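Please open the structure in your viewer and keep the sequence panel visible. The tour moves from one selection to the next and says what is found at each stop.

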Amino acid sequence: MADLGLDERAIRKIMSVPIVKSTDMDPEIVGEVKDQVAMLIDKALPTKNWDDACKQLKQWLDKKAGAPWQVACGEGMRGPPHFRFP
């Protein structure tokens, strides 16, 4: 985070509502995914445990929307921590 000059409080503000760039998922599921992502970011941010957050989101998506899902999470993807799933 030091390279962007963002502290934990600033990241929480930015990530309070996940942004969806594009999707073909049902709007109801998109809302649920956004809620799940926000919860996992809050949970993972203090320890920076993105691997665990990724695994939890993948398991949740596989269970909720059917397998297979690919999930990428982390800080090194141009900006604050974010989740990406194709």
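Begin at the end of a helix: select G66, which follows α3 and has a positive phi, near 90 degrees. Bear in mind throughout that this is a predicted model.

**The whole chain**

Next, display the entire protein as a cartoon. Three helices and two strands should appear, arranged along the sequence in the pattern α-α-α-β-β. Switch to a surface representation: the accessible surface comes to about 6,000 Å², and carbon and sulfur atoms account for 51% of that area. Of the 86 residues in the protein, 31% are buried. If contacts are drawn for pairs with a separation of 6 or more, 44% of them join residues 24 or more positions apart.

**Helix α3**

Now select residues 50-65, which form helix α3. Its 16 residues reach 21 Å from the first C-alpha to the last, close to the 22 Å expected at 1.5 Å a residue.

Show the side chains of W50, A53, C54, L57 and L61; these are the buried residues of α3. Why do they lie on the same side of the helix? They cover an arc of only 100 degrees around the axis, and therefore share one side of α3.

Turn the view to the face of α3 directed away from the buried side. The exposed residues there are D51, K55, Q59 and K63.

**The loop before α3**

Step back along the sequence to K48, in the loop between α2 (27-44) and α3. What is the sign of phi at K48? K48 is not a glycine, yet its phi is positive, at about 60 degrees. For comparison, most residues other than glycine have a negative phi. Is K48 buried, partly exposed or exposed? Its relative accessibility is 36%, so K48 counts as partly exposed, the range for that class lying between the 20% limit for buried and the 50% limit for exposed.

**E8 and its distant partners**

Finally, select E8, which is found in helix α1 (residues 8-14). E8 has a relative accessibility of 35% and therefore also counts as partly exposed. Which residues does E8 contact, leaving aside its neighbours within four places in sequence? With those neighbours set aside, E8 is in contact with L45 and P46. To end the tour, add D42 to the selection and draw the C-alpha to C-alpha distance to E8: the two residues are 34 apart in sequence and 10.0 Å apart in space.

Methods: Residues numbered from 1 in each chain as written. Predicted model: local features only at pLDDT ≥ 70, side-chain atom pairs only at ≥ 80, totals over all residues. Heavy atoms only, no water. Helix = DSSP H or I, 4+ residues; strand = E, 2+ residues; numbered from the N terminus. Expected span 1.5 Å × (residues − 1). Buried < 20%, exposed > 50% of the residue type's maximum accessible area, 1.4 Å probe, protein only. Arc of directions from axis to C-beta. Contact = heavy atoms within 4.5 Å. Areas by Shrake-Rupley, 256 points an atom, 1.4 Å probe, with all protein chains shown as cover.
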